[in-house]
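Here are a few worked exercises to go through with the model open in your viewer. Try each task before you read on.

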Amino acid sequence: MCSPLIKKIKETEIKAAESFKSASSPEELEATRITFLGSKGLFAELMKNLGSLRKEERPAAGSAANAARQITAEAHQLAKERLAKFVTNRNNWLDVTLPGRQLRRGHSHIISRTATEICSIFGNLGFSIVVGPEVETNYYNFEALNFPPDHPARDMQDTLFVSTDLLLRTHTSSMQVRTMEKNPPPVWVVVPGKTYRRDSDISHSPMFHQVEGLAVDKGLTFSDLKGVLTAFVTTIFTPDTKIRLRPSFFPFTEPSAEVDIACVLCGGHGCRLCKGTGWLEILGSGMVDPAVYGFVNYDPDQVSGFAFGLGIERIAMLKYGLDNIRMLFESDLRFLTQF
Ligand code: DAH
């Protein structure tokens with residue numbers, strides 16, 4: 001059986017340990033120290049009480065008091081170290097000498113950049129930029145561009161219809177007649193924008209982008225068309241890029257030509273990209289068919305013009321060596337940040 005004093009000593013030791021553990025500030029710690037270990041503190045009081053014990057009880061109580069005081073002093077030391085760390089962290093939460101954390105910066109998408117580059121090249125050649133509706137009427141998309149009513153391009157296979165008369169424009173050529181209706185000649189415009197067709201594979205997407213070009217002025221000839229397109233390809237690709245015009249057919253141009261450039265990969269020798277031909281098709285073009293002037297009251301005896309239409313994705317893919325159009329629409333930052 002231990003004496004009531006030893007019991008008291010044990011209780012004080014436990015209380016002290018709890019108080020030091022829960023001290024949450026240097027001020028509270030110091031107050032706790034004074035309460036237990038101060039010269040007038042609880043342990044000093046207990047020591048004083050030793051004198052009132054019987055002689056044979058004193059050694060056991062004395063050593064219990066010393067041990068408890070020692071343990072309490074250690075608890076004080078531990079709490080002191082813990083709070084010192086806490087104060088350092090509290091004072092150092094903002095280190096103004098550390099380098100800042102930078103926000104990740106975005107930039108325009110490769111399609112927008114290519115569109116801007118294409119338009120600025122034509123801008124330097126004297127063309128203005130116009131834009132128009134993506135939901136278009138049958139009239140502007142087909143009829144006024146001289147497409148016969150049974151032309152396959154009007155078929156459901158190619159065209160995404162919104163209603164019998166409304167559709168998602170299949171090309172930005174739909175802005176030709178809209179532009180000429182509003183402006184007397186001369187007209188020099190390029191039309192960048194989204195276009196839609198029911199088509200999807202490695203080089204086609206149901207939504208894609210085109211730039212249409214239209215120049216109507218006095219005395220324009222096929223040579224002007226060739227000159228403008230040569231200036232374009234030698235700027236957007238390399239200065240020595242060769243072009244070739246191949247006879248073709250479009251309802252709104254006569255004569256019409258498809259334009260090829262010498263293969264950007266093999267330089268014209270023939271490879272996988274150009275399927276051995278040495279040439280890559282990049283756009284459609286031609287002299288504006290006089291039938292189209294009939295829809296806008298331009299006099300074909302007074303003016304002549306040329307038009308061309310190119311796919312922005314196609315140009316970007318050739319310029320940057322991409323082999324799958326989907327890369328342009330997947331929003332994969334590992335790909336997009338490379339440009
Ligand atoms: N609109 C045609 C297409 O999307 C491209 C085109 C061909 C545009 C000849 C023209 C042109 O202006 O003259 O396939």
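**Exercise 1: three helices**

Helices α1 and α4 run roughly parallel to each other, because angles under 35 degrees count as roughly parallel (over 145 is roughly antiparallel, 65 to 115 roughly perpendicular, the rest oblique). Before the working, some ground rules: this is a predicted model, where local features need pLDDT of at least 70 and side-chain atom pairs count only at pLDDT 80 or more, while totals for chains, interfaces and linings use all residues. Residues are numbered from 1 along each chain as its sequence is written, and side-chain values use heavy atoms, with hydrogens and water left out.

Task: work out how α1, α2 and α4 are oriented, pair by pair, and which residues meet.

Step 1. Helices (H or I, at least four residues) and strands (E, at least two) are DSSP runs, numbered from the N terminus. Axes are lines fitted to C-alpha atoms, for helices over the stretch in contact, and angles run from 0 to 180 degrees between N-to-C directions.

Step 2. Take α1 (residues 4–22) with α4 (residues 58–91): their axes come within 9 Å and cross at roughly 0 degrees. With contact meaning heavy atoms within 4.5 Å, the α1 side includes L5, I6, I9 and F20, and the α4 side includes A61, A64, A68 and I71. By class, this contact has 13 nonpolar, three polar and three charged residues. (Ala, Val, Leu, Ile, Met, Phe, Trp, Tyr, Cys and Pro count as nonpolar, Asp, Glu, Lys and Arg as charged, and the others, Gly among them, as polar.)

Step 3. Now α2 (residues 26–37) against α4: the angle is about 170 degrees and the axes are 10 Å apart. That makes α2 roughly antiparallel to α4. P26, L29, R33, F36 and L37 are the α2 residues here, and among their partners in α4 are T72, H76 and L83. The tally is eight nonpolar, two polar and three charged.

Step 4. Finally, the axes of α1 and α2 come within 9 Å and cross at roughly 170 degrees, so α1 is roughly antiparallel to α2. T12, K15, A16, S19, F20 and S22 in α1 meet E28, L29, T32, R33, F36 and L37 in α2. That contact divides into five nonpolar, four polar and three charged residues.

**Exercise 2: zoom in on A64**

Task: which residues does A64 touch, leaving aside its neighbours within four places in sequence?

Step 1. Find A64 in helix α4.
Step 2. Skip those sequence neighbours, and you get I6 and I9.
Step 3. Check a C-alpha distance too: A64 and K10 are 54 residues apart along the chain, yet separated by 8.0 Å.

**Exercise 3: the ligand shell**

Task: describe what surrounds the ligand and find its polar contacts.

Step 1. Count the shell, where near means a heavy atom within 4 Å: there are 15 residues, and the closest are H171, S173, R197, Q210 and E212. They split into four nonpolar, nine polar and two charged.
Step 2. Ask which strands contribute: β5 (207–217), β8 (279–288) and β9 (304–311) each supply at least two shell residues.
Step 3. Look for polar contacts, meaning N or O pairs within 3.5 Å (within protein, one must be able to donate a hydrogen and the other to accept it, and residues adjacent in sequence count only if both atoms are side-chain atoms). A side-chain N or O atom of E212 is 2.6 Å from a ligand oxygen. Polar backbone atoms do it for F308, at 3.2 Å from a ligand oxygen, and for A307, also with a ligand oxygen, at 3.2 Å.
Step 4. Get the burial: the protein covers 90% of the 350 Å² of accessible area (Shrake-Rupley, 1.4 Å probe; for residues, only the protein chains shown count as cover) that the ligand has on its own.
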